[in-house]
Amino acid sequence: MSHWLDAAASSHDRVAITKALQALQPVTSRASAPSDALALYGRAQWLSGDSAGAERTRFLAGTVDDDLRDLFVRVFQRVEQTGLVELA
């Protein structure tokens, strides 16, 4: 997985960034997503220019307690759905 990210980071290759995002998205969309996958996804989001998404994902990657992570996932999803707050 990090192959696409390494290629994207070193050459700013948009195709490699897109492939990394596509590969990681199914894994990271689960509430039980492993923190290392979330960290990689956050890096891919950052490289793609999605700094707000990257910050949210990296925050979730650092959340150790699974129940707390589930809560944050639901909160972030609700905020995005309602458009109440845009995290920078």
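## Exercises on helix H2 and the nonpolar cores

In the protein chain of this predicted model, confidence is highest in H2, at a mean of 89, and lowest in helix H5 (residues 66-82), at 68. The chain as a whole averages a pLDDT of 78, and 75% of its residues score at least 70.

**Exercise 1.** Check the end-to-end distance of H2 against the span expected from its 15 residues.

*Solution.* Take 1.5 Å times one less than the number of residues. For H2 this gives 21 Å. The end C-alpha atoms lie 20 Å apart, so the distance agrees with the expected span.

**Exercise 2.** Which side-chain oxygen reaches the backbone nitrogen of Val15 at the start of H2?

*Solution.* The oxygen belongs to Asp13, and it comes to within 2.9 Å of that nitrogen.

**Exercise 3.** List the residues of the largest nonpolar core, and state which helix gives the most to it.

*Solution.* Begin with the members: Leu5, Ala8, Ala16, Ile17, Ala20, Leu21, Leu24, Tyr41 and Ala44, nine residues in total. Next, assign them to helices: H1 (2-11), H2 (14-28) and H3 (35-48) each supply at least two. H2 gives the most, with five. Then turn to burial along H2: its buried residues are Ala16, Ile17, Ala20, Leu21, Leu24 and Thr28. An α-helix has 3.6 residues a turn, so residues three or four places apart point the same way.

**Exercise 4.** Which residues does Ile17 contact, leaving aside its neighbours within four places in sequence?

*Solution.* Ile17 is in contact with Ala8, Ala44, Leu47 and Ser48. A separate second core has five residues, among them Ala33, Leu38, Leu60 and Val73.

Terms used
Residues numbered from 1 in each chain as written. Predicted model: local features only at pLDDT ≥ 70, side-chain atom pairs only at ≥ 80, totals over all residues. Heavy atoms only, no water. Core = buried A, V, L, I, M, F, W, Y, C linked by side-chain atoms within 4.5 Å. Buried < 20%, exposed > 50% of the residue type's maximum accessible area, 1.4 Å probe, protein only. Helix = DSSP H or I, 4+ residues; strand = E, 2+ residues; numbered from the N terminus. Contact = heavy atoms within 4.5 Å. Polar contact = N/O pair within 3.5 Å; in protein donor to acceptor, adjacent residues only side chain to side chain. pLDDT = per-residue confidence, 0-100.
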